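Dear colleague,

I am passing on the structure we spoke about, with the sequence alongside. Please look through it before reading my notes underneath.

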Amino acid sequence: MTYIKTDVVVVGVGAMGSATLWRLSERGVPAVGIERFEPGHDRGSSHGETRIFRTAYLEGPSYVPLAQRAIALWQELERVSGTDLMVPNGGLMLGSRDSDVIIGTMESIRVHRLPHQLLEAHEIRARYPMHRANDGDVAIHEHQAGYLRPELAVKTAAQQAQDLGARIVTGRVAEHIEPRGEGVRIVAGDITCDAGHAVVSVGSWLAKALPDLHLPIRVTRQMATWWPVDNPAPFAPDCFPVFIRDIGGSVTADSSFYGFPTQDGKTIKVAIHREGATADPDTIDRTVSPDDLAPVQDYIRRFLNGVGTDPVRSSVCMYTNTPDHDFLIGSPAGMPQITLLGGFSGHGFKFASVIGDAAADLATRGSSSYPVEWLSPRRFERHVAAAAVDG
């Protein structure tokens, strides 16, 4: 048995946990990370080569200040590590004028006066011929958007934290997280760790890690697939921005599709953004069926040029969804010595750098200047209380 005592313990060293460790260590705060796998693994929600970043945020204007600060912090991590993590190749939001993607994006643009270009259908066809545009379609082009390299970002943040003095223990599952007086005790295999504060950022394992909280989250199985391109040149990053498209009016009306430029000169990643089937992170099915592929194949046939519909490879991951699809950041009621980071609902990775900075604030000061109070898990207290009564 190994005993560790530290100021802050970070349980889960994925996207949010690695960033939290980096920001704590940058401040000189003694910190330990406990990770069930290895930083940058492919068993959770932070893999798949690319993740979109954007500031014209269709999920709501409240996210825009966080997105803007996140980009600055990713750039800082690039500078201090000497590692290229971001490719700002622009972003396209496509759909009809009354689609959720266009309305939501324009709302954030209006509230925060964000620079953008609104393209009509004929302009989409001329500038981005690999997209098929219907006569009623429009596109919003955001110059500040682009993509992150998720596995590399997690590994880089974790390494930077270690270089600054943090300790990361891998291959251990936190079986017990117990508030004790003004601190917290974590038991993970042969490790017992006492700390003044714990940041719990275990992704889709959050409800299992803290079962007594009855958190209203749902883990779903998600899939990304890489599809062959006839000619890689028009799909290069400087020609083909990241995209999100709302197609509406179909069997997938409640979903959107997203994609990236080629990374290997042979394929592009295109996937569907909607909640998949409920899954257990410990037993999730990682095989890919024809039913998984069919909606994306249909999208490619209808809306992309020069892309084949026989997949080259696929990757299964998970969303951890809250009822309102907004994040969980903050302390549960009555547990000021614990900060939860979770419920990122399929759109959280881009924020990891700023969420890590906010978590470092919460762990050391109990509050943050970042606008995250509205994301507190206490907003679900009624739901949690009802679940506890129901047993």
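Below is what I found, going from the whole chain to an aromatic cluster and then to a single glycine.

Please keep in mind throughout that this is a predicted model. The chain holds nine helices and 19 strands, and its C-alpha trace spans about 65 × 50 × 40 Å along the principal axes. For 391 residues, a compact globule would be expected to have a radius of gyration near 21 Å, and because the chain has 21 Å, the two agree. Of these 391 residues, 57% count as buried, and when contacts with a separation of 6 or more are considered, 75% of them come from residues 24 or more positions apart.

As for the surface, the accessible area of the chain comes to about 16000 Å², and carbon and sulfur atoms contribute 50% of that. The chain carries 37 positive and 46 negative charges, whose mean positions are 2 Å apart.

The aromatic residues deserve a paragraph of their own. The count comes to 16 aromatic pairs, and one of them joins Phe-327 and Phe-351, whose ring centres are 5.5 Å apart and whose planes form an angle of 70 degrees, an edge-to-face arrangement. This pair links distant parts of the chain, since Phe-327 belongs to the loop between β17 (313-321) and β18 (328-330), whereas Phe-351 belongs to the loop between β19 (338-342) and α8 (352-365), 24 residues apart. Both Phe-327 and Phe-351 are buried, and ring pairs link these two with Tyr-57, Tyr-63, Phe-344 and Trp-374 into a cluster.

Finally, I would draw your attention to Gly-48, which sits in the loop between β2 (31-35) and β3 (51-53). Is Gly-48 buried or exposed? The relative accessible area of Gly-48 is 9%, and because residues under 20% are classed as buried, Gly-48 counts as buried. If neighbours within four places in sequence are left aside, Gly-48 is in contact with Glu-151, Trp-226 and Lys-269. For Glu-151, which lies 103 residues away from Gly-48 along the chain, the separation between the two C-alpha atoms is 7.7 Å.

With best wishes

Terms used. Residues are numbered from 1 along each chain as its sequence is written. This is a predicted model: local features need pLDDT of at least 70, side-chain atom pairs count only at pLDDT 80 or more; totals for chains, interfaces and linings use all residues. Side-chain values use heavy atoms; hydrogens and water are left out. Helices (H or I, at least four residues) and strands (E, at least two) are DSSP runs, numbered from the N terminus. The radius of gyration is taken over C-alpha atoms; the globule rule is 2.2 Å times the number of residues to the power 0.38. Buried means under 20% relative accessible area, exposed over 50%, partly exposed in between (1.4 Å probe, protein chains only). Contact means heavy atoms within 4.5 Å. Accessible areas come from the Shrake-Rupley method with a 1.4 Å probe; for residues, only the protein chains shown count as cover. Lys and Arg count as positive and Asp and Glu as negative; His and the chain ends are not counted. The place of a charge is taken as NZ of Lys, CZ of Arg, CG of Asp or CD of Glu. Rings of Phe, Tyr and Trp (its six-membered ring) pair if their centres lie within 6.5 Å; planes under 30 degrees apart count as stacked, over 60 as edge-to-face and the rest as tilted.
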